[in-house]
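Reader: Please take one part of this model and look at it closely for me. I am new to this, so keep the sentences short.

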Amino acid sequence: MDTKHISILGSGNIGLSLAKGLVKAAILPEKNITLTRRNVAALSNYAELGFNTTANNPQAVAQADIVVLAVLPQQLNKLLDEIKPQLNPERHLLISVISGVSCQDICDYLQMNIQVVRVMPNTAIAIAQSMTCIATSNASEENMKLVKDMFDTVGVSIYINEELMTSATALCACGVAFFLRSIRAASQGGTEIGFHAHDALKMAAQTAKGAADLLLQLASHPEQEIDKVTSPKGCTIAGLNEMEHNGFSSAMIKGIKMSAEKAGVLYKED
Ligand SMILES: NC(=O)C1=CN([C@@H]2O[C@H](COP(=O)(O)OP(=O)(O)OC[C@H]3O[C@@H](n4cnc5c(N)ncnc54)[C@H](O)[C@@H]3O)[C@@H](O)[C@H]2O)C=CC1
Ligand SMILES: O=C(O)[C@@H]1CCC=N1
């Protein structure tokens with residue numbers, strides 16, 4: 001990427017994961033990234049690494065070409081009030097990772113026609129393994145490409161219609177937690193049947209990684225791969241059917257629907 005300066009406003013879980021990913025992927029050096037947080041002392045480790053850290057959002061915007069909005073939905077309006085005087089539609093590109101807030105919501109609140117790209121990464125961005133969905137209603141093709149190139153370097157990214165952004169939030173961003181909980185549950189099962197907890201967790205995590213890679217590397221369907229595991233009258237189908245009798249698939253589907261509904265109202269709820 002040409003030497004740009006990115007300011008991440010609201011450097012909490014996802015903001016910091018993004019910052020780590022950008023540096024790890026050598027997209028930008030620490031000195032070209034400014035991290036803001038109200039309690040700037042909480043960023044002292046990052047300051048030591050060479051990131052610029054401040055509680056001063058307008059100053060961070062003034063330094064930046066790309067401004068990433070990474071606060072909670074209910075914290076957004078106050079942040080926009082604070083930075084509006086510094087925003088310049090000719091210069092700044094806004095990237096919002098905020099769930100449930102449309103590009104139009106941001107332009108309307110700012111009363112400004114500034115280019116906004118909505119991006120939904122997940123926390124695996126810190127290790128360049130994010131599934132990132134990208135949408136806009138007003139950004140140029142050039143800026144969309146710039147953002148996609150950036151997020152392709154820290155995982156896999158796709159363009160989606162903006163209307164699907166809350167669905168993407170549930171499936172991909174919340175999804176990290178869903179899959180982690182299922183790995184944790186598998187490890188708890190493993191401990192019940194004889195493995196020490198740390199071994200069970202490692203075994204469950206590697207098994208999950210292998211299962212995901214079977215789909216990604218072979219481009220096959222889960223049921224096709226499941227059929228290869230389930231020997232007739234065997235123990236896999238016995239365990240799998242027991243899980244289904246207890247609502248395994250149904251629980252996952254209902255949870256994802258619930259998260260998508262909630263993601264859609266986070267901004268409006270406040
Ligand atoms: N955590 C995740 O996996 C993902 C989160 N998101 C979205 O990212 C946003 C942030 O989520 P998290 O990182 O989980 O929340 P978080 O609470 O960890 O981070 C938000 C940060 O913003 C700071 N902050 C609040 N107001 C501020 C202000 N005026 N100036 C500077 N800093 C301010 C807070 O102190 C906090 O550190 C949310 O809108 C969420 O929907 C999107 C994708 C994934
Ligand atoms: O839980 C949340 O609301 C945020 C959005 C997606 C992941 N974390």
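Author: L72 is found in the loop between β4 (66–69) and α4 (76–83). Helices (H or I, at least four residues) and strands (E, at least two) are DSSP runs, numbered from the N terminus. The model is predicted: local features need pLDDT of at least 70, side-chain atom pairs count only at pLDDT 80 or more, and totals for chains, interfaces and linings use all residues. Residues are numbered from 1 along each chain as its sequence is written, while chains are lettered from A and ligands numbered from 1 in the order in which they are written.

L72 counts as partly exposed because 14 other C-beta atoms lie within 10 Å. The cut-offs are these: buried needs 20 or more other C-beta atoms within 10 Å, exposed has 12 or fewer, and partly exposed is in between, with C-beta atoms placed from the backbone. P73 is in the loop between β4 and α4 too. P73 has 18 other C-beta atoms within 10 Å, so P73 is partly exposed.

UniProt, in an unreviewed entry, puts the feature "binding site" at A70, V71, L72 and P73. Such positions use the numbering given here, feature names are shortened, and annotations may be inferred rather than shown by experiment.

The "binding site" feature also appears in the UniProt record (unreviewed entry) at N57. N57 belongs to helix α3 (residues 57–63). N57 is buried, because 23 other C-beta atoms lie within 10 Å. Its contacts, leaving aside neighbours within four places in sequence, are L9, T36, L79, E82 and I83. Contact means that two C-beta atoms, placed from the backbone, lie within 7 Å.

Now the ligands. Ligand 1 has 26 residues around it, and G10, G12, N13, I98 and S99 come nearest. Two elements, α1 (13–24) and α4 (76–83), give two or more residues to that shell. With three residues, α1 gives the most. A residue is near a molecule if its C-beta atom, placed from the backbone, lies within 6 Å of it.

By class, the shell around ligand 1 holds 12 nonpolar, 11 polar and three charged residues. Here Ala, Val, Leu, Ile, Met, Phe, Trp, Tyr, Cys and Pro are nonpolar, Asp, Glu, Lys and Arg are charged, and the others, Gly among them, are polar.

Around ligand 2 lie S99, T169, A173 and C174. That shell has two nonpolar, two polar and no charged residues. S99 is named for ligand 1 as well.
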